[in-house]
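Biologist: I've got the sequence and the fold open side by side. Can you walk me through how the helices are packed, and what the labels rest on?

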Amino acid sequence: MFNEEKILMLDAVEIGVRIREARKEKGIKSVDLAAQLGISADQYSRIETGKSSCNLKNLFLISQYLEVSSDYLLSGRKYFDTFPKIMA
């Protein structure tokens, strides 16, 4: 059984903010990353603004292009040992 208080809530806006910040740190243009993903610049913009969720394939590819973990993009935590245990 899951401990409801410790389950991480995924927020598309927060995920988009982390993607945008990681992209800017790498100096990559949004249109270039959209092209690498094979999606339109408009669709990519909706991911970064949280207006559209990112599918798992694209989340994985974004993490690879930006050299950040998908865990970081989803949760904002950079280190595995900081994740709370969610199993009771």
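Modeller: Sure. Keep in mind that this is a predicted model. Let's start with α2 and α4: their axes come within 10 Å and cross at roughly 125 degrees.

Biologist: Why is α2 called oblique to α4?

Modeller: Angles from 65 to 115 degrees count as roughly perpendicular and those over 145 as roughly antiparallel. The crossing is at roughly 125 degrees, which falls in neither class, so α2 is oblique to α4. As for handedness, α2 passes α4 in a right-handed crossing.

Biologist: Which residues make that contact?

Modeller: L33, Q36 and L37 come from α2, while α4 brings N58, L61, I62, Y65 and L66. By class, that contact has six nonpolar residues, two polar ones and no charged ones.

Biologist: Now α1 and α4. What makes them roughly parallel to each other?

Modeller: Helix α1 (residues 12-26) packs on helix α4 (residues 56-66) at an angle of about 30 degrees, with the axes 10 Å apart. Angles under 35 degrees count as roughly parallel, therefore α1 and α4 earn that description. Here the crossing of α1 past α4 is left-handed.

Biologist: Which residues of α1 and α4 meet?

Modeller: On the α1 side they are I15, I19, A22, R23 and K26, and they meet L59, I62 and L66 of α4. Six of the residues in this contact are nonpolar, none is polar and two are charged.

Biologist: R23 catches my eye. How do you know whether R23 is buried or exposed?

Modeller: Buried means under 20% relative accessible area. R23 has a relative accessible area of 8%, so R23 is buried.

Biologist: What is R23 in contact with, leaving aside its neighbours within four places in sequence?

Modeller: The partners are I28, K29, S30, L33, Y44, E48 and L66. Two of those turn up again in helix α3 (residues 41-49), where the buried residues are Y44, I47 and E48.

Biologist: Why say that the buried residues of α3 line one face of the helix?

Modeller: Looking down the axis of α3, they fall within an arc of 95 degrees, so they line one face. They pack against α1, α2 (30-37) and α4.

Biologist: And what follows α3?

Modeller: G50 does, and its phi is positive, near 80 degrees.

Technical notes. Residues are numbered from 1 along each chain as its sequence is written. This is a predicted model: local features need pLDDT of at least 70, side-chain atom pairs count only at pLDDT 80 or more; totals for chains, interfaces and linings use all residues. Side-chain values use heavy atoms; hydrogens and water are left out. Axes are lines fitted to C-alpha atoms, for helices over the stretch in contact, and angles run from 0 to 180 degrees between N-to-C directions. Helices (H or I, at least four residues) and strands (E, at least two) are DSSP runs, numbered from the N terminus. A crossing is left-handed if the near helix is turned anticlockwise from the far one by less than a right angle, and right-handed if clockwise. Contact means heavy atoms within 4.5 Å. Ala, Val, Leu, Ile, Met, Phe, Trp, Tyr, Cys and Pro count as nonpolar, Asp, Glu, Lys and Arg as charged, and the others, Gly among them, as polar. Buried means under 20% relative accessible area, exposed over 50%, partly exposed in between (1.4 Å probe, protein chains only). The arc is that of the directions from the helix axis to the C-beta atoms.
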